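The questions below ask why particular terms are applied and set each value against its definition. Please read them beside the sequence and the structure.

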Amino acid sequence: MDHDGLLRIGLFSRLTFISVRMLRHYAERGVLVPAEVDEFTGYRFYRVDQLDEARLVTGLRDAGFGVEGIAQVLAARRDPASVAALVSQQRERLLTERDGLESRLAALDRLRIEETMPTIEVIETTLPAMTVLALRDTLASYSDEGLLWQRLMPVAGPHVRPDALFGATFYDEQFQAEDADVEVWIQVPAPVVSPAVPVVCQELPERRIVAATLRGSYEGMGEVTAALGAHIAERGLRTGPMFNVYRVGPTQDPDPAHWVTEVCFPVIG
């Protein structure tokens, strides 16, 4: 077979900075398919114009495209609108990955590997009876709690006094990575007639609680719940659903350093 004008796979690999192993993998997936394969030796040969295609492939690879994504872009490259859509989708994926990496870096910076936990005061006290406007729903995750507040505040806002308590109750018996059962509530001075559905007006009785205070952002929640867990176990307490009382939260102050959250468990019996 006459292979004049073609480049053998080794030289093509050197010129494109793509390993021979990867070139074979690409070919199996329909990307950078050799122009010819010698039927006797199995050597693979490439056209000179495939050098430009290889340059595009390596650019897409460096931009985080997988083999299937590269194949999609190559197939659509004569359709600028389709290419733009694929590039836009990849940008969104990379931004999401970047946010995830930044979150992990922040968690790494917060990580404390030490033998003793910081001292957190846990108290048992009584929470007075109160009237609240409440909204309960299933959320994709606990971090979506703010969506409930966006729905509750327009209804409750006209009835709220400056000294009102804001809180959230978490009804799941165990931590839920998804489909979290959460209720947010705001104290009001008196029962409200016919609030907008699904907001409800509730009379909460006086409750004995075990509580600890988190000062600062919610990133320190684990230390507080660990202290609460130790207190509950040591005293053999039976408890109901955890709830937070937001003494100072995002609604009152946008700076997480100023937030004050009482983390509470009602004591049963």
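**Terms set against values**

Q: Why does Thr 239 count as partly exposed?
A: Thr 239 has a relative accessibility of 27%. Buried means under 20% relative accessible area, exposed means over 50%, and partly exposed is what lies in between, with a 1.4 Å probe and protein chains only. The value falls in the middle class, so Thr 239 is called partly exposed. The model is a predicted one, in which local features need pLDDT of at least 70 and side-chain atom pairs count only at pLDDT 80 or more, whereas totals for chains, interfaces and linings use all residues. Residues are numbered from 1 along each chain as its sequence is written, and side-chain values use heavy atoms, with hydrogens and water left out.

Q: Where is Thr 239 found, and which residues does Thr 239 touch?
A: Thr 239 is in the loop between helix H7 (221-235) and strand S10 (243-248); helices (H or I, at least four residues) and strands (E, at least two) are DSSP runs, numbered from the N terminus. Contact means heavy atoms within 4.5 Å. Not counting residues up to four places away in sequence, Thr 239 touches Val 210, Ile 232, Phe 265, Pro 266 and Ile 268. By contrast, Gln 72 is 167 residues from Thr 239 in sequence and 55 Å away in space, C-alpha to C-alpha.

Q: What makes Val 182 count as buried?
A: The relative accessibility of Val 182 is 0%, so Val 182 meets the condition for a buried residue. Val 182 belongs to strand S7 (residues 180-188). With residues up to four places away set aside, the residues touching Val 182 include Leu 135, Tyr 142, Leu 148 and Phe 170. Ala 168 is 14 residues from Val 182 in sequence, and the two C-alpha atoms are 6.9 Å apart.

Q: Why is Asp 181 called buried?
A: The relative accessible area of Asp 181 is 18%, which is below the cut-off for the term, so Asp 181 is buried. Asp 181 is also placed in strand S7. Leaving aside neighbours within four places in sequence, Asp 181 is in contact with residues including Arg 136, Asp 137 and Tyr 171.

Q: Why can strand S7 be described as largely enclosed by the rest of the structure?
A: Eight of the nine residues of S7 are buried, and the description therefore follows.

Q: What makes strand S7 a pairing partner of strands S5 and S6?
A: Two strands pair if DSSP finds at least two bridges between them. Strand S5 (residues 130-139) and S7 have nine bridges in the antiparallel sense, and five bridges join strand S6 (residues 166-170) to S7, also antiparallel. Both counts satisfy the definition, so both are pairs. Within S7, Trp 185 is the bridge partner of Ala 134, while Glu 183 stands opposite Thr 169.

Q: Which strands pair with strand S9?
A: Strand S4 (residues 122-127) pairs with strand S9 (residues 207-215) over six antiparallel bridges, with Leu 127 opposite Arg 207. Strand S11 (residues 260-266) is joined to S9 by seven antiparallel bridges, and Ile 209 has Pro 266 as its bridge partner there.

Q: Why are strands S1 and S2 called edge strands?
A: The open sheet of three strands has the order S1-S3-S2 and antiparallel pairing. Strand S1 (6-8) and strand S2 (36-37) each pair on one side only. Three bridges join S1 to strand S3 (residues 44-47), one of the bridge partnerships being that of Leu 6 with Arg 47.

Q: What makes Leu 60 count as buried, and which residues does Leu 60 touch?
A: Leu 60 lies in helix H3 (residues 50-62) and has 8% relative accessibility, so Leu 60 counts as buried. Residues up to four places away aside, Leu 60 touches Phe 65, Ile 70 and Val 73.

Q: How do you know what the spread of the protein is relative to a compact globule?
A: The secondary structure comes to seven helices and eleven strands. The radius of gyration is 30 Å, well over the 18 Å that the globule rule gives for 269 residues, so the protein is more spread out than a compact globule. That radius is taken over C-alpha atoms, and the rule is 2.2 Å times the number of residues to the power 0.38. Along the principal axes, the C-alpha atoms fill a box of roughly 90 × 50 × 30 Å. Buried residues make up 36% of the 269 residues.
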